[in-house]
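Visitor: I am new to reading protein models. Could you take me on a close look at a single part and explain the terms as we go?

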Amino acid sequence: MTKVDGSRATEAMIRRLTAEIIAIERFFYGGEADGDRFLYAGMLERKRDDLVRGVVLQLHTAIEDILNTAIACRVLDVNPENRLRPMRSVRGRALQKMLAESGSLGFAMKLNFAVALGLMSTATRDKLLVLN
């Protein structure tokens with residue numbers, strides 16, 4: 001995505017995204033503020049809950065990405081900024097399959113693997129298991 005503040009392309013993108021968000025909101029949440037206020041309140045509650053779920057999912061995914069990187073770097077003995085080349089090796093590809101492909105380790109197992117590798121404490125693992 002290019003960054004050009006105030007350009008016509010940026011303004012067009014803002015209009016397009018706004019229209020898409022409005023369409024999604026109408027499809028999933030319907031209800032207008034001037035209709036049945038009880039239904040509207042219920043819609044707002046569902047929308048709030050969906051936003052919270054979305055944030056939790058984003059955090060979970062970000063944590064799992066960090067966890068995958070930390071595990072890969074420890075196993076391959078590389079710094080995060082230098083991990084791409086080793087990830088293309090036979091060991092790296094096998095590790096990638098274990099961490100991120102179909103049939104890979106689940107989040108809880110990755111947390112246990114991180115504890116076993118000394119990347120985190122059991123207390124941190126337990127807190128992240130609550131998120132899971």
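**A leucine in a loop and the helices beside it**

Guide: Let us start with one residue: Leu 117 counts as partly exposed, because its relative accessibility is 23%, where buried means under 20% relative accessible area, exposed over 50% and partly exposed in between, using a 1.4 Å probe and protein chains only. Leu 117 sits in the loop between α5 and α6; helices here are DSSP runs (H or I, at least four residues), as strands are (E, at least two), numbered from the N terminus.

Before going on, please note that this is a predicted model, in which local features need pLDDT of at least 70, side-chain atom pairs count only at pLDDT 80 or more, and totals for chains, interfaces and linings use all residues. Residues are numbered from 1 along each chain as its sequence is written, and side-chain values use heavy atoms, with hydrogens and water left out. The pLDDT is the predictor's confidence in each residue, from 0 to 100. The protein averages 89, and 94% of the residues score at least 70. Confidence is highest in helix α5 (residues 107-116), at a mean of 96, and lowest in helix α3 (residues 84-87), at 78.

Back to our loop. Apart from neighbours within four places in sequence, Leu 117 is in contact with Ile 71, Arg 74 and Val 75, where contact means heavy atoms within 4.5 Å. Leu 117 is also 47 residues from Ala 70 in sequence, while their C-alpha atoms are 9.7 Å apart in space.

Now look at the two helices that the loop joins. α5 and helix α6 (residues 122-131) pack at an angle of about 170 degrees, with axes 10 Å apart; the axes are lines fitted to C-alpha atoms, for helices over the stretch in contact, and angles run from 0 to 180 degrees between N-to-C directions. The pair is therefore roughly antiparallel, a label for angles over 145 degrees, with under 35 roughly parallel, 65 to 115 roughly perpendicular and the rest oblique. On the α5 side, the contact is made by Phe 107, Ala 108, Leu 111, Asn 112 and Val 115, and on the α6 side by Thr 122, Arg 125, Leu 128 and Leu 129.

Follow Leu 111 a little further: leaving aside neighbours within four places in sequence, Leu 111 touches Leu 67, Met 120, Arg 125, Leu 128 and Leu 129.
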